[in-house]
Amino acid sequence: MTYLLPRRAADAWYDLSAAYEKTVGKKDVQPPYRALDSVLRAVHGDWVRWLLHSDGTIRIVARTQIDPEDLQDVLTFWAEAVLPGQTGEQLGQLLGDIAASTAPIPGPAPLPAIRGGQTEHWWAAELAAWNLAEQLAASPWTLDGQEITWRMDTLGVLNAWDHTIPGPPNRHGQCRYQMPRLAVSQGTSGHLSEPVLNISASATLLARSWYKVRTITHHLPGLPLLLAARTDGPRTAPRLNVPMVAVARRLAGKGDLPRPRDLRGLSVLPDDLETISLSALGSLRAIQPKTESAPLGRGMGMEFYRQVEQQVAAVNPELAARQPRFLAVPKLPLPHVPGERVHKGLIQPEDIPITLDAAHIRKLKIVALWNTESVCARMRQALVTQFGLPADALTGPNTTHRCADDRVEIVLRHDKHNILAHGTMTSEQRRELLHHHPELQPRPGWTVSVFGETQGPQTNAHTPHAQREELERQDGKHLSQRALATHGIGTQYLQHMAEKPPALGEQVGEETGDETIQAARPKAKPSAQAEAKRRAAWQKKKQHTALNAVRDLLRRHGLVDTRLSHAFAPIGLNDVWHIGLWLRRHATRSTASRPGNQQPAPVTLTFTAMRPANGTAGGPWQTWAWSPRSDRWQPYVQATTQLHADDLGIPMDEEQIAQAAHNALAAVRRQLPHQRPYIVYVDGDATERIWTGLRDLSLAGEQPPELNTPRWLPGGTLPSTQRPIGVVRVLPFSRRLARPVGTERWVLDKSTGQWAKQDNHTVRVLFQLQAPGPDHLRTASFALPNVPKNYAELKHRPGRDWTRWSTEAEDSLRKIFYAHTSTHFTAIALDPEEDPEWMGKAAAILTNQAAAWDYRQSHPTPLHLARKMDEDHPHHRRTVEQEGAEEEDVDESH
């Protein structure tokens, strides 16, 4: 059902949106239409969307007809909560009367695309996911001998509300609880014509405090759905969204929330909301966010997903029959842990000269600036190990040493002028101090880089938000990086670490100091042997971080040795450029301004081009890069330094982004050192809004109208001698991807010619989609299952054979459960002579084998290096939407 509100409703809505911003705030606040969605669903008990379009029209889209009284009550109460007083009552009454008197249009109406939906049929995907979630909630479940029921919330997520899993009590006798949750979403599998529905699950840890909480679920008797709401405010001091919760409680007949003068916070909560998780769980449950100190124990395990798959087959056989079929690619091993890799570790010292040649660097000077003796020792040891120096090299506090056939000069210097230190000095002031360091002055033929000490974060988990922002503005790492970049110098930092490991007990529990995630145990004094082991492990960790910093330093200069060439041995090397296109929109908040006043958001657009320096003979890899700031292809280190010397991001609309990419690819044959064919790798989630040929429906065979325009595929409209031979869409860890549920492999029996299913619990291979593609496209789609690196080397993996409700899952709160994620590649051949299957396999190899890392990446190496140009920028942190702890959500993509 669609309710198309008349134009006069938009004026009332804009006034309420402006009031919402004034009372709730502008920063770190969910938009008003999203909060209103939750209330409408909670009251109606079904799928509803409130849509405000750029032309000023408002549509209410619902799966079933909404009771006019409910619609009027929600909008009236909403306005009164947003704008207390007579004005709010009048606007609410006006908007409620308009909506209640609007006749619904039966059946779905054509709707424009919204954020996150790439076609005008986005509503079909949401409705299909909602329908399946309802079917799963209504059907009986038996897991490990227990009857499990699920309750649906306003996000369409299923919650095991009455089947929480308690953990062991801490030393105070308090327990923590996990509440399993299931989320259903539309999935994709390459060029498959039929869409699939995916299920993600997590054993959500329930919070004991409001610290960093971003999602709550609230049970209100009388309302058919649980109210799911995101909190507002900074992550260190979240608060309830007052209008949303107040309206839902009022409609449910519960006590109203207090009405402070400033709705941005509540000093007093009603009795039933005062505590959110004690020995007895209440009506409001808060989701504990993931943190670096406690990122584990949230998965549901592979056996749970297998049982979910069986349940889906029981409630919806037609959907289960449409699940894609993948076959293992033979003779292409892709090990995902360092212990199984042949080519890993540091670049060998004897390979440094030829690797510098490939990176287009004549001579490299590394200036190690240190402030504390301990960091100086770590720097020295890491540099000696990487470059194979004599044991007595770099022994003094201020010394110089040359190596790698006299092409690398390492200078060890004390940062006596505090160029890298935290403080109020600006980037310009720090740059003026560079003349005190003659070793940092430019020299013809030399590339200069700083390996610097940083003092570590100035903030901790309990730093107030305002103080945190001020201290981050004084972070010496970002200020000095900008100063050095404007001087043409690249940087890599090594953080100071204490001499001794943290005392026993300091690492227990969450960042909040809550010890309830750990089992009760006395804080006994460790034995001398245990203390010696802890100290040795701490020293090993300190040196390991220093070695990784040196590896990252070389990676920032575009040094890639022969490991990528060796990784291609199973399929053979082709003499082509592999080009990664990285696109990211900066975080901006929509305002209550009327249509036509929105400016395009800043975007970061970078390209990285790589190829084996010796063509099909392999060798080290060349690395070049392009960005709109330089508007030309340059060696990677030059392009990265130039990008970091300027502000990050340029405001561009979609047409301008497509044209900029068109210009970059048009210059490939003219500006790269060797004229070779090239393949473009893109992140599908970021780019399919720009290029219609990357969208699911296009890959499935729907011919878009932009076929002969730059909006079809990147470089697709260039002359035949300039266009790419193929484009590979990469979808890493996306909720749109079907999980590799089950670990079966299909093997061809050569004697009978029949395919046989072979069960296997460990996934180390690439899988190819078995489905015909559209006639006008030559495509091949692959899935690469992933095991999170935290779990990959574990010998025993809980959750492989039983769920968290099993009697074998004792103390499952602390157990490491996981389920495979997957990265999908869809290769589109634009040259009739080229093989899309080779392109897809190449993408998997470049994802599995990193340039300077021993674990698997989330993107192919060219795309990964283009992404790192963005992430290494000193202002990157200011442009991302969410900082700090990751939101705990129904997703196990660690």
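## Rings, charges and the overall fold

Among contacts with a separation of 6 or more in this protein, 72% join residues 24 or more positions apart. Keep in mind that this is a predicted model. The secondary structure comes to 23 helices and 31 strands, and of the 894 residues in the protein, 57% are buried. As for the surface, about 36,700 Å² is exposed, with carbon and sulfur atoms supplying 49% of that area.

Now for the aromatics. The structure has eight aromatic pairs. Take W13 and W50: their ring centres are 5.0 Å apart and their planes meet at 45 degrees, so this one counts as tilted, falling between the 30 degrees below which planes are stacked and the 60 above which they are edge-to-face. The W13–W50 pair also ties together distant parts of the chain, with W13 in helix α1 (residues 8-24) and W50 in strand β2 (residues 48-52), 37 residues apart. Are these two tryptophans buried or exposed? Both W13 and W50 are buried.

Elsewhere, F568, W621 and W838 form a cluster, linked by ring pairs.

Arginines get in on the ring business too. Here are two cases of a charge over a tryptophan ring:

| Arginine | Ring | Distance to ring centre |
|---|---|---|
| R285 | W161 | 3.8 Å |
| R611 | W577 | 5.7 Å |

In the R285 case, the charged end is what sits over the ring of W161, while R611 lies over the face of W577.

Notes:
Residues are numbered from 1 along each chain as its sequence is written. This is a predicted model: local features need pLDDT of at least 70, side-chain atom pairs count only at pLDDT 80 or more; totals for chains, interfaces and linings use all residues. Side-chain values use heavy atoms; hydrogens and water are left out. Helices (H or I, at least four residues) and strands (E, at least two) are DSSP runs, numbered from the N terminus. Buried means under 20% relative accessible area, exposed over 50%, partly exposed in between (1.4 Å probe, protein chains only). Contact means heavy atoms within 4.5 Å. Accessible areas come from the Shrake-Rupley method with a 1.4 Å probe; for residues, only the protein chains shown count as cover. Rings of Phe, Tyr and Trp (its six-membered ring) pair if their centres lie within 6.5 Å; planes under 30 degrees apart count as stacked, over 60 as edge-to-face and the rest as tilted. A charge sits over a ring if NZ of Lys or CZ of Arg is within 6 Å of the ring centre and within 35 degrees of the ring normal.
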